[in-house]
Amino acid sequence: MTNWGPDMVLRWFRTIQIGSVVLPVIGCLTWGFIAWQEQKAIAIDHAVDTVGLVRQYSQRVIETEIIKHGAARSRASGETAEFLRSEAFHSFLAGIDARQPDNFGLVVISNEGRMVASSRMFPVDFNVGARDYVQAIRDGSRLFIDRIRLEPAGEDALIVATPFITNDFRGMIVSSVATETMRNFLRTAAMQQDEAASLIRDDGKLLVRQMPGEPIILAPDTPARQNMIAAPEGVYETLAVSDGVNRIYAFSRLGRLPLTANFGVPTHVIATATFWSALPVWLLMVAMGAFTLVATALARRSMLAQRDSDLQALKLIEAENLAQQRAELVREMNHRVKNNLALVTSLINIQARRGSIDAKDLQLRVRALAEVHDLLYRSNHGETIDLGDLLRRALDPATLVPEDREITLQTSLPDGVMVSADRASPLTLAALELVTNAVKHAFSGRERGTIRLCLEETGNGAARLTIADDGIGMQADTKRRSGTGLVDAFVRQVGGEMTRETKDGTRYEIRFSP
C-alpha cells in the first residue's frame, strides 16, 4: 500500500510542476505541427487553384494565336506564293490582327528566313536573320513558342510559330504577344508577398514570371524539370533558382502546348500564418501551464513550511522527552551509585566484623563496581551491559594473581550475553569473590594452578557462569565457607542458583536469567 505521507505529496507536487512545463511545450509543438499542416494544406489548395487560372489564361492566349494561324492558312490555301505578297492577303491579316494593344501582329516567313507578309506593314520583304523559331519550324516542329526581341523596334514579346504551307510556298506564320501583357496577369495572380507565377517551356526555359527579368534556362536536375517530366500536374517544394526563396509550387501543363504553368507560395508565409493561427492555443496552453506551475509552487511552499513547522514541533517534543529521559537516567544512576556505595559499606562492615580489613579485596570490588558504571555509560544498548565484556575487564589476571605465583586464569567469555545493570553488579562481584578465593585458598602448598572462568547461554533465555580450579579442593560440608556466603547473597540478589562440586578441585556453577 502506498504511504501518502508529506514526502510523497511533495514528490507529486514536483512531478506536477515538471508536467506543467513539459506538457505545454509538447502541446505547443503538437499544435504547431497540426497548424503547420493545416496552413500548408491551405497554401497548396491556393497554389493549385491559382495555377489553374494561370493555365487557363495562358492557354487561351496561345490558342487564340493558333486560331489566327489556322484562319490565315485557310485563306491562303490553293493560292500561289505571289498571293502571300498581295495587298489582299495583307488586308486579311490586318483584319484578324485588329491591332490589339497586347500583340504585335502576324508575319509570314519563308524557310529561308525572308518575311513575305505582315499584318502591320505593306509591302514587306526583308530577311529576319537567324532565329530559333525559324530553325525549329524548318526542322519539322509543329509548334514553337519563345520569347524574343522583335526587329526593328526591339519589343519584348512572346511569339507563337506554326508551319505555313501552300501550293508553292514553304514557311511559317508567326504571331507575337506583348510579354508585359502576360506578366501583368501573372502579377495579379501572385499578389501576396514573395508569391511566384511563371510559364516554363518543356525544355526548361522559364519564359516569363510576374517579376521583370530575362528568360533563364532551368537545369535538367532541378525539381521543376523533374516534376514536369514525371507528371502533367502536381505539387513540389524547392528553393527557387530565380530569387532564392523557398516555396511550395503547384504546376499544370497547358494541354497539348509545350508549356507548363507554375505558381508558388513561400514557406515563410506559411510559417507566419501558422504562428498567428496557433498563437491563441499556445497562449492558452502557456497560461494553463503557468497557472499550474504557480499554484503547485505555492502549495508546495505551504506544505514545506507546514512540514518544517511539524519537524520543529517534533524536535521540540523529542528534546523534551530526551531531557526527561536524561533526568530519569540521572536519578537512576544516582540510585545505583547509592546502592553500590551501600554495598561497599556492607563489604567493609563484613570484613570489620571478621576482625581485619583487606584493602586489596575492597579495591578489587570497588573497581568491579566502577567497571559496571563505565560500561553502562558507554553502552549502546540502553540499560543493559555485555556481561562477557564486563567480566574480562573486572577480572584482570594481572590484578588478581600475585606476580610470585604461577596461577593461570583461563577465560571463555563470549560477547552477546546482555544483562541489566542491576544484575551485572552482583554477578561480577560473585565471580570476583570466587576467583579471589580460588587464588588465595585453592592452591595451598602449591605454586602452580589453573582457574577457568566460563560464560555461556543455555537456551530458553538462561545463562550459566562457571568458575572452576584444579586445586586441592575443599570439604563439601565446611564450617568456614571461605567467603561463599557473600557469593550466595549475590546470587540470590539476581534470582539465580549456585551449585558447588569438589571433585578434582572446586567447581562453582551459577545459573541465572539475563
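**Nonpolar cores and an antiparallel sheet in the predicted model**

The largest nonpolar core comprises 40 residues, among which L465 and F512 have the most contacts inside the core. Two or more residues of this core are contributed by each of α8 (387–394), β14 (406–412), α10 (421–442), β16 (448–459), β17 (462–469), α11 (484–493) and β19. Helix α10 provides the largest share, 12 residues. The structure described here is a predicted model. Residue F512 touches L387, V419, L427, L455, A462, A463, R464, L465 and G496, when residues up to four places away in sequence are not counted. A second core, separate from the first, contains 29 residues, including I62, L158, A190 and V265. In soluble globular proteins, nonpolar side chains tend to be buried together.

The segment that follows β19 (506–512) contains P514. This proline is partly exposed, with a relative accessible area of 32%, a value that falls between the 20% limit for buried residues and the 50% limit for exposed ones. Although P514 and V419 are 95 residues apart along the chain, their C-alpha atoms are separated by 4.6 Å. Beyond its neighbours within four places in sequence, P514 is in contact with M418, V419, S420, R423, G461, A462 and A463. Of these contacts of P514, V419, A462 and A463 are also touched by F512.

An open sheet is formed by six strands in the order β9-β8-β7-β12-β11-β10, and the pairing is antiparallel. Strands β9 (216–217) and β10 (233–239) occupy the edges; each has a single partner strand, so one side of each is left without a neighbour in the sheet. Strand β8 (residues 205–209) is joined to β9 by two bridges, and these strands run antiparallel. Across this pair, K205 stands opposite I217 of β9. Helix α4 (residues 179–189) lies across β7 (196–201), β8 and β12 (259–266), and runs at about 75 degrees to β8. Helix α5 (residues 223–230) also packs on the sheet, where it touches β7, β10, β11 (246–253) and β12, and its direction makes about 165 degrees with that of β10.

Within strand β8 lies K205, which is buried, its relative accessible area being 14%. This value is under the 20% limit, and K205 is therefore classed as buried. With neighbours within four places in sequence left aside, the contacts of K205 are D146, R147, L199, I200, P215, I216 and I217. This list thus includes I217, the residue of β9 that stands opposite K205.

How values were computed. Residues are numbered from 1 along each chain as its sequence is written. This is a predicted model: local features need pLDDT of at least 70, side-chain atom pairs count only at pLDDT 80 or more; totals for chains, interfaces and linings use all residues. Side-chain values use heavy atoms; hydrogens and water are left out. Two strands pair if DSSP finds at least two bridges between them. Helices (H or I, at least four residues) and strands (E, at least two) are DSSP runs, numbered from the N terminus. Contact means heavy atoms within 4.5 Å. Axes are lines fitted to C-alpha atoms, for helices over the stretch in contact, and angles run from 0 to 180 degrees between N-to-C directions. Buried means under 20% relative accessible area, exposed over 50%, partly exposed in between (1.4 Å probe, protein chains only). A nonpolar core is a set of buried Ala, Val, Leu, Ile, Met, Phe, Trp, Tyr and Cys residues joined through side-chain atoms within 4.5 Å.
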